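I opened this notebook to keep track of what I looked up, one topic at a time. Each entry starts from something I wanted to know and ends with what I found.

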Amino acid sequence: MTADATHLADLTALAVKPTLHGPTIRLVPLDERHTDPMWELCTDEETNRLTGTRTAFTRDRIHQWCATRPAQPDRLDLAVEDPTTGHFLGETALTDVDPDNSSASFRIALTPGHTGRGIGTETTLLVLRHAFETIRLNRVHLEVFEYNERAAHAYRKSGFTLEGRSRQAHHWDNRYWDVLQMAALRDEWLATH
């Protein structure tokens, strides 16, 4: 069975790094000018807990990573900024793109002090709109730890649906936690957003 051409992803669109505008934020291509705020984000203990990051990054590694983001043809890395000041509020990405199934993984990390203000929901909505309307992905999925209730709420509010739970799959703070799998599907999301 062949897929209808209107439902095929345009993965060449991943090579174009857009600027996306929302009511209170702006998403811009992540690049080397974001090295210092990304370094701060990657060394923040609470951010590492919420994202499950165990890697100790060096500033040089963060610089190299940021500098190479614009040239990545198979993923999308964006910085979340305040449109008035240009202040860095976090980062978001579409990664692990599966061309055969028109799907990708989503992630977001906001800087301390910028959570709980709707920025995560607004960012997620902007990325999903781009993923479904421009790249024409069929599915965007993510994992979130059960203790990150604020993120799980923002994902549900943005159109993600809980699909499953890996019980006690994540060890943090001397305890095992469940990992929630969530996804948004193109047709469902476009019908409601």
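**Entry 1: two residues with positive phi**

I began with Gln168, which I located in strand S7, the strand that covers residues 161-172. The model is a predicted one, and I kept that in mind for every entry below. Gln168 caught my eye through its backbone, for its phi is positive, at about 50°, although the residue is not a glycine. Is Gln168 buried or exposed? I noted a relative accessible area of 52% for Gln168, and because exposed means over 50%, this residue counts as exposed.

I then turned to Asp173, which is also not a glycine and has a positive phi, near 55°. I placed Asp173 in the loop between S7 and strand S8, the latter running over 175-185. Its relative accessibility is 53%, so I wrote Asp173 down as exposed.

**Entry 2: the cysteines**

Next I asked myself how many disulfides the count comes to. The count gave 0 disulfides. Cys42 is in no disulfide, and the nearest cysteine sulfur to its own, that of Cys66, lies 7.6 Å away. Why is there no bond for Cys66? The closest cysteine sulfur to that of Cys66 is in Cys42, and I could see that 7.6 Å is too far for a bond, because a disulfide needs the two sulfur atoms within 2.5 Å.

I also checked how accessible each of these cysteines is. Cys42 has a relative accessibility of 16% and counts as buried, while Cys66 is buried with a relative accessible area of 0%.

**Entry 3: His34 and what it touches**

Cys66 came up again when I looked at His34, since His34 touches Val28, Pro29, Cys66, Ala79, Glu81 and Phe88, when residues up to four places away in sequence are not counted. I found His34 in the loop between strand S2 (26-29) and H1. At 3% relative accessibility, His34 counts as buried. With Glu81 there is also a polar contact, which joins the two side chains at 3.2 Å.

**Entry 4: the largest pocket**

I then looked up the largest pocket, for which I noted a volume of about 1300 Å³. Its lining is made up of 48 residues, and those closest to the centre are Leu50, Thr51, Arg107, Ile108 and Ala109. Which classes of residue make up this lining? I recorded 20 nonpolar, 17 polar and 11 charged residues.

Several helices and strands each supply at least two residues of the lining, among them helix H1 (35-42), helix H2 (45-51), strand S5 (103-110) and helix H5 (149-158).

**Entry 5: Thr51, one of the residues closest to the pocket centre**

From the residues closest to the centre of the largest pocket I picked Thr51, and I found that Thr51 lies in helix H2. Its relative accessibility is 34%, so Thr51 counts as partly exposed. Leaving aside neighbours within four places in sequence, I saw Thr51 in contact with Ala109 and Phe145. Ala109 is itself one of the residues closest to the pocket centre.

The side chains of Thr51 and Thr53 are joined by a polar contact of 2.7 Å. As a last check I compared Thr51 with Leu30: the two are 21 residues apart in sequence, and from C-alpha to C-alpha they are 19 Å apart in space.

Methods:
Residues are numbered from 1 along each chain as its sequence is written. This is a predicted model: local features need pLDDT of at least 70, side-chain atom pairs count only at pLDDT 80 or more; totals for chains, interfaces and linings use all residues. Side-chain values use heavy atoms; hydrogens and water are left out. On a 1 Å grid over the protein atoms alone, a cavity is a set of points where a 1.4 Å probe fits but cannot get out, and a pocket is an open set with protein on both sides within 12 Å along at least five of seven lines; lining residues have an atom within 4 Å of a point. Grid points are joined across faces, edges and corners, and a volume is the space filled by probe spheres set on the points. Helices (H or I, at least four residues) and strands (E, at least two) are DSSP runs, numbered from the N terminus. Ala, Val, Leu, Ile, Met, Phe, Trp, Tyr, Cys and Pro count as nonpolar, Asp, Glu, Lys and Arg as charged, and the others, Gly among them, as polar. Buried means under 20% relative accessible area, exposed over 50%, partly exposed in between (1.4 Å probe, protein chains only). A polar contact is a pair of N or O atoms within 3.5 Å; within protein, one must be able to donate a hydrogen and the other to accept it, and residues adjacent in sequence count only if both atoms are side-chain atoms. Contact means heavy atoms within 4.5 Å.
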